[in-house]
Amino acid sequence: LAAGRSFSPRPASGWRQRLERQAQEQGMEPLLEELRQVDPESALRLHPNDRKRIIRALEVWHETGKTISRHNRETAALPERFPAVRLCLSYANREHLRRRIDLRVEEMVSAGLVEEVRRLLKRGVSPECTSMQAIGYKELIPALQGACSMEQAVEQVKLRSRQYAKRQLTWFRRDERYQWYLWGEEPDFSAALRFATEKLHEAGLG
């Protein structure tokens with residue numbers, strides 16, 4: 001495969017499935033040791049329990065013969081295909097963001113998230129599979145298995161969601177190309193649309 005963006009995020013060769021089976025049967029240590037051998041940079045960077053990214057790094061290696069670290073550097077060095085304006089939304093007050101995240105989690109629970117996870121478990125979906133590691137699924141499984149209360153599980157969903165939002169903000173703020181529009185306590189979609197339109201015009205894209 002050519003360098004950079006030509007690598008598919010979901011290749012059809014079956015390497016991901018093989019690595020997933022190996023992790024299921026042998027645990028993560030053999031995979032992490034393999035990663036140390038072929039891509040020590042990623043092995044040092046990734047947490048030993050980060051199953052998803054360890055498998056992804058090995059998948060890229062087996063698919064391309066290149067480490068995912070090299071792949072990411074080559075991708076970042078490629079010229080952009082299209083002119084773009086990068087806009088980010090956040091809240092000026094972090095507490096407002098926290099409250100919106102908590103409210104969103106409560107709305108998801110009210111809309112049937114717990115029943116959705118319960119049905120998946122009853123159908124035989126493994127708690128260890130990749131889809132069940134998503135925020136909102138992983139935290140509810142212990143409550144459905146009797147290991148904690150549902151109230152505690154929901155609080156964990158809120159906490160993990162806030163932590164994820166913080167990581168996202170940190171990631172995007174590293175890139176000076178992004179322009180930020182900050183909400184007040186309540187989102188003002190008309191004002192955000194005006195902001196986005198102005199930035200597009202300034203870049204000659206509107």
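Which residue's side chain does Asp50 meet in a salt bridge? The partner is Arg53, and the N to O distance is 3.3 Å. Arg53 itself is exposed, having a relative accessible area of 52%. Keep in mind as you look around that this is a predicted model.

Let us step back to the overall fold before returning to the charges. The protein has 10 helices and two strands. Starting at the N terminus, you will meet the elements in the order α-α-α-α-α-β-α-α-α-α-β-α. Along the principal axes, the C-alpha atoms fill a box of roughly 55 × 50 × 30 Å. Of the 206 residues in the protein, 31% are buried. The accessible surface amounts to about 13600 Å², and carbon and sulfur atoms account for 52% of that. If you follow the contacts between residues at least 6 apart in sequence, 59% of them join residues at least 24 apart.

Now to the charges. The protein carries 36 positive and 29 negative charges, and the mean positions of these two sets are 2 Å apart. Side chains of opposite charge can pair when their charged atoms come close. In this structure there are 20 salt bridges, and a few of them are worth a visit.

Take Glu59 and Arg56, whose side chains form a salt bridge with an N to O distance of 3.1 Å. Both belong to helix α4 (residues 51-64), and because they are three residues apart there, about one helical turn separates them. The two partners differ in their surroundings: Glu59 counts as buried, at 1% relative accessibility, whereas Arg56 is partly exposed, with a relative accessible area of 23%.

What about a bridge between two helices? The side chains of Lys158 and Glu106 meet in a salt bridge at 2.7 Å, N to O. Lys158 sits in helix α9 (residues 150-173) and Glu106 in helix α6 (residues 94-110), so this pair ties together parts that are 52 residues apart in sequence. Here Lys158 is the buried partner, at 8% relative accessibility, while Glu106 is partly exposed, with a relative accessible area of 37%.

Finally, salt bridges can also be followed beyond a single pair in this model: Glu80, Arg86, Asp175 and Arg177 are linked in a network of them.

Methods. Residues numbered from 1 in each chain as written. Predicted model: local features only at pLDDT ≥ 70, side-chain atom pairs only at ≥ 80, totals over all residues. Heavy atoms only, no water. Helix = DSSP H or I, 4+ residues; strand = E, 2+ residues; numbered from the N terminus. Buried < 20%, exposed > 50% of the residue type's maximum accessible area, 1.4 Å probe, protein only. Contact = heavy atoms within 4.5 Å. Areas by Shrake-Rupley, 256 points an atom, 1.4 Å probe, with all protein chains shown as cover. Lys, Arg positive; Asp, Glu negative; His and termini not counted. Charge placed at Lys NZ, Arg CZ, Asp CG, Glu CD. Salt bridge = Lys/Arg side-chain N within 4 Å of Asp/Glu carboxyl O.
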